[in-house]
Amino acid sequence: MGIGRFRRLLTLTLLLAACFSVCPAWSAAAAPDVESLIQQAREASGANDHATAVVAYREAIALEPARRDSLSFGLASQLTWAGRHDEAIAEFRWLLRKQPGHLAAWRTLALAQAWSGRTPDALASYRAVLVRQPRDLDARYGEARMLSWLGRTTQSVHAYESLLRDAPDHRDGRLGLAMVHNWRGDHERSGRMFSSLIETDPSSAAAYEGLAWAQHWNGRPDLALQTLSRQEQAGARSTAGEELRAIILREWSAHPTLAFDYAEDSDDFISEAARLDFEFPIAYRGHARAGVVLNRFSRTGRPDVEDTWITLGGDARLHQRWSASARAQLAIKRPDGADYTPVQEEVNLAWLGGDRVRADLGYSHFALFSYESNPDRILGDQVGAGLTLRPEHRTTLIVSGDYASYSDDNERRGMRARARYALFARKPRTFVELGAQSINFRRDLPNGIWTPDDYRAGYGRVDFEINPDRSWTFVGALDGGWAKEAPGDYTPYLAYSGAFIWRIDQVRLEALAGRSDGNLETERGYRRTFGALQITGGF
């Protein structure tokens, strides 16, 4: 080895030795210690920089895994505030296996579960707190809130009232109870509670918004707009309040609707309709409507039949508890030789007990198309009554009956009952319905003998909504049941349909298609393929 080469090797060795002697000091200076990372996480949390706080907590746990027990709650909490709910729930689960009595962890876990749509799990977590600390106000409030989210409004009211007996000034509890009464249809009671909250705290945006919703749902959008103006004047303006104002103005703006309907029965009977309607608001107390309807009926081996109708109608809130609606159709084009009346009309009067009770009484005069009597139609007069009950926010019960007499000397009596239940905790949003109906026809035969023709039916129905209340929504439905038209004659019934709804600004487009097999005396008919397209705009 040459002297020059030996000298270079010696120099390199000395340099490496010097590096190794100072590198530990460099590492100690460059790498943050656990305490500084914890301080960094706390500072980031205070500045609402939750993503940075999560990184700092995880680095601290990586440096000293033995300290995870003490740092896990901070990490899981920051994951919750950062919206990373699945990670937060997993971390809380780990912590609670180690420390099942950690009440703050149970409470924050409930928040993560509620915000991620796991409402039943959130309710269970709040109740886990109450098992260990029955008087915990935050958990009692959370329990009442989750019960309302699940649609169990009666239980929610009891939970809120129990909380407020022990803590009368619990602001969120008072707001929550007022809103539950609003959801239950007790709008006047809810409005009084929100008004009381505004008197106590004139800057409460939530109280103004709740009062405006109560007034809007109670048929007084004019008062709701006044309340939102008061909110703005009080300096409590909010995004939610502006959204409600936009909803009211959109609902009470003039708008046209263009619709097309198509149906084809198994006996090659095809019906098509095109409809153009215009709706105009009247002083926030009602609407006036005008439009035109074109119908076309066709069947193999028969000539096509067309008619055109002008429609006029409207609805009005006559009183806080009463509303009325009316509609008339005037035929401006009828098939050649048709002798049926050129006018059809219907009226309805309703008594409103908030959203929880509604009673309807109606009358209609109409004409039914029949190829057997072409070009005539069978005329009918019908009276009916119905009662709608909502004992819970998620449960609807409807009972109705009607009597009709026809120009072919036939009579018809019908009774219907159905129950609808909403599964708010499920994704997609799901509704289950059960129903039954009984119809009795009586025909006056030429021999003077009245013969009854009884019809019985029962069905079950499931509706579901995917991506509800967004720019697009898919709504699906599946019906199944049976119909009995003669002794021992049971006909199965099955129907399915799907609809896409698109919303672009003030324009709504809905496309529907489906099929039914069987006969439930519904508008879908017997073995029918049907479709519809509807476009609604706004001014």
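A residue is called buried under 20% relative accessible area, exposed over 50%, and partly exposed in between (1.4 Å probe, protein chains only). By that yardstick Ala283 is exposed, because its relative accessible area is 61%. The model is a predicted one, so to speak of local features takes pLDDT of at least 70 and side-chain atom pairs count only at pLDDT 80 or more, while totals for chains, interfaces and linings use all residues. Residues are numbered from 1 along each chain as its sequence is written, and side-chain values use heavy atoms, with hydrogens and water left out.

Ala283 sits in the loop between strand 2 and strand 3 (286–299); helices (H or I, at least four residues) and strands (E, at least two) are DSSP runs numbered from the N terminus. Its phi is near 50°, a positive value in a residue other than glycine. Tyr284 belongs to the loop between strand 2 and strand 3 as well, and here phi is near 55°, again positive in a residue other than glycine. Tyr284 counts as partly exposed because its relative accessibility is 27%.

Back in strand 2 (residues 269–282) there is Glu279, which counts as buried because its relative accessibility is 14%. Its side chain makes a polar contact with the side chain of Arg289 at 2.7 Å. Such a contact is a pair of N or O atoms within 3.5 Å; within protein, one must be able to donate a hydrogen and the other to accept it, and residues adjacent in sequence count only if both atoms are side-chain atoms. Setting aside residues up to four places away in sequence, Glu279 touches Ser253, Ala254, His255, His287, Ala288 and Arg289, contact meaning heavy atoms within 4.5 Å.

Further along the chain, Val462 is found in strand 12 (residues 450–466) and counts as partly exposed because its relative accessibility is 34%. Thr430, Phe431, Gly476, Ala477 and Leu478 are what Val462 touches once residues up to four places away in sequence are left out. Between Val462 and Tyr496, 34 residues apart along the chain, the C-alpha separation is 9.7 Å.

Tyr496 stands opposite Arg515 in strand 15. Strand 14 (residues 489–504) and strand 15 (residues 507–517) pair in the antiparallel sense over 11 bridges, where pairing takes at least two DSSP bridges between two strands. The two strands form a hairpin with 2 residues between them, and Asp505 in the turn has a positive phi of about 55°.

Trp472 is placed in strand 13 (residues 472–486) and is partly exposed, because its relative accessible area is 36%. Neighbours within four places in sequence aside, Trp472 is in contact with Ile466, Asn467, Ile501, Trp502 and Arg503. Trp472 and Arg503 are 31 residues apart in sequence, yet 6.1 Å apart in space, C-alpha to C-alpha.

As for internal space, there is 1 cavity of 30 Å³ or more. A cavity here is a set of points, on a 1 Å grid over the protein atoms alone, where a 1.4 Å probe fits but cannot get out, and lining residues have an atom within 4 Å of a point. Leu228, Gln231, Glu232, Arg237, Ser238, Gly241, Glu242 and Arg245 line the largest cavity. Helix 13 (221–233) and helix 14 (239–251) are the elements that give two or more residues to that lining.

Technical notes:
On a 1 Å grid over the protein atoms alone, a cavity is a set of points where a 1.4 Å probe fits but cannot get out, and a pocket is an open set with protein on both sides within 12 Å along at least five of seven lines; lining residues have an atom within 4 Å of a point. Grid points are joined across faces, edges and corners, and a volume is the space filled by probe spheres set on the points.
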